[in-house]
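This report describes one protein model, moving from a single helix position to the strands and nonpolar cores around it. Please keep the sequence and the structure shown here in view while reading.

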Amino acid sequence: MKLDFSGKNTLVIGGARGIGAEIIRECAAAGSNVAWSCRTLGAEDGPSAQLLREVRAMGVDAFAMESDSTDEKAAEMLFAEVEKRWNNLDNLVYNTGFTSPVDFADISYTEWKRVVDINLNGAFLAVSKAIPLMLRNGGGSIVIIGSAAIATGGGGRVDYVSAKAGLEGLSKAITKSYSPSGIRCNIVHPSLIETDLLVQRYPDAEKRSAIACEIPLRRLGKPEDIAAAAVFLLSDAASYITAQSLYVDGGRTFCK
């Protein structure tokens, strides 16, 4: 299936590398203008700068901004730049997330609030700023990157699992309020995707291989696997799909 995003504008919150970068590449390859935010743009030879050169070579407009996804003023500045540059917005992907191994009993309330801010409150901020720009051109598509941990409880990381579960309610509420105006919202739930963060968590290649053997498809996921699902849900090919949650996990959740 060939997806055509010609003339569309796509913003990815959290897009410098990993899953976000793959979503940007696929949207640009399909003809969409692309923008993304990240906490730090980095040097001229860093991930964001390299990605900018790559997607601009595809002939689309592209820009990146430093932005804290949990800061309302930063969000206002980001979306003001989107409005200035494009006037409207067709696609939004919220890809920002944070987790690390911590037992339930060891999580402080301060840490709880920080993790919920990043994984849930930031999604609300982004969506609330995006919807007015989508309404200008008769609708749009929102994809939120969640986590398959909501089905299994994760490993006891209560703040992360709770925040990601909250995205389900957010998606349904968006659908209830804005579907009549042409705005769709769906969630992609990954599990064990081989990004830099996963390698940092499991630096031993043999350990990663052992984990992969427990997955029904016998491999860890790749950022491209999540990007393919997200870009499909953004596209007109999914125009009758909203308020849905898609587990892209190699069957792992089913077998837990």
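## Gly166 and its helix

Gly166 counts as partly exposed, because its relative accessibility is 25% and the buried class holds only residues under 20%. The model in which this value was computed is a predicted one. Gly166 is found in helix α6, and although Gly166 and Asn121 are 45 residues apart in sequence, their C-alpha atoms are 9.4 Å apart in space.

Helix α6 covers residues 158-178. Its 21 residues should span 30 Å at 1.5 Å a residue, and the end C-alpha atoms are indeed 30 Å apart, so the expected and the computed span agree. The buried residues in α6 include Val158, Tyr160, Val161, Lys164, Leu167, Glu168, Leu170 and Ile174, and what covers the buried residues of this helix includes α4, β5, α5 (149-152), β6 and β7 (245-248).

## The Glu168 and His189 pair

Which residue's side chain is joined to that of Glu168 by a polar contact of 2.7 Å? The partner is His189, which is found in strand β6, whereas Glu168 is found in helix α6. Glu168 counts as buried because its relative accessible area is 16%, which is under the 20% limit; His189 is buried as well, with a relative accessible area of 0%.

Leaving aside neighbours within four places in sequence, Glu168 is in contact with Ile150, Ile187, His189 and Ser245. With the same neighbours left aside, His189 is in contact with Gly146, Ser147, Ala148, Ile150, Glu168, Ser245, Leu246, Tyr247 and Val248. Ile150 and Ser245 therefore appear among the contacts of Glu168 and also among those of His189, as judged by heavy atoms within 4.5 Å.

## Strand β5 and its partners

Strand β5, made up of residues 140-145, is mostly covered, with 6 of its 6 residues buried. In a regular strand the side chains alternate between the two faces of the sheet. In β5 both faces are covered, since Gly140, Ile142 and Ile144 on one side are buried and so are Ser141, Val143 and Ile145 on the other.

Strand β4 (residues 91-94) pairs with β5 in the parallel sense over 4 bridges, and Leu92 has Ile142 in β5 as its bridge partner. The two strands, together with helix α4 (residues 109-135), make a right-handed β-α-β unit. Strand β6 (residues 183-190) also runs parallel to β5, to which it is joined by 6 bridges, and Val143 stands opposite Asn186 in β6.

## Two nonpolar cores

The largest nonpolar core has 32 residues, and those with the most contacts inside it are Ile23, Val34, Trp36, Val55, Val143, Ile145 and Val188. The elements giving two or more residues to this core are α1 (18-29), β2 (33-38), α2 (47-56), β3 (62-66), β5 and α9 (223-234), of which α9 gives the most, with 7 residues. Apart from this core lies another of 27 residues, among them Ile13, Phe79, Ile131 and Leu167.

Ile145, once its neighbours within four places in sequence are left aside, is in contact with Ile23, Val93, Tyr94, Asn95, Lys164, Leu167, Val188, Pro190, Ile226 and Ala230. This list includes Leu167, which is one of the residues of the 27-residue core, as well as Ile23 and Val188, which are among those with the most contacts inside the largest core.

## Helix α9 and the loops beside it

Helix α9 has 12 residues and reaches 16 Å from its first C-alpha to its last, close to the 16 Å expected at 1.5 Å a residue. Its buried residues are Pro223, Ile226, Ala227, Ala229, Ala230, Val231, Leu233 and Leu234, and what covers them includes α1, β4, β5, β6 and β7.

Arg218, which has a positive phi of about 60 degrees although it is not a glycine, is found in the loop between α8 (205-213) and α9. Is Arg218 buried or exposed? Arg218 counts as exposed, because its relative accessibility is 54% and exposed residues are those over 50%. Ala243, found in the loop between α9 and β7, likewise has a positive phi of about 60 degrees although it is not a glycine.

Notes: Residues numbered from 1 in each chain as written. Predicted model: local features only at pLDDT ≥ 70, side-chain atom pairs only at ≥ 80, totals over all residues. Heavy atoms only, no water. Buried < 20%, exposed > 50% of the residue type's maximum accessible area, 1.4 Å probe, protein only. Pairing = 2+ DSSP bridges. Right-handed = clockwise from strand over helix to strand, strands pointing away. Core = buried A, V, L, I, M, F, W, Y, C linked by side-chain atoms within 4.5 Å. Polar contact = N/O pair within 3.5 Å; in protein donor to acceptor, adjacent residues only side chain to side chain. Expected span 1.5 Å × (residues − 1).
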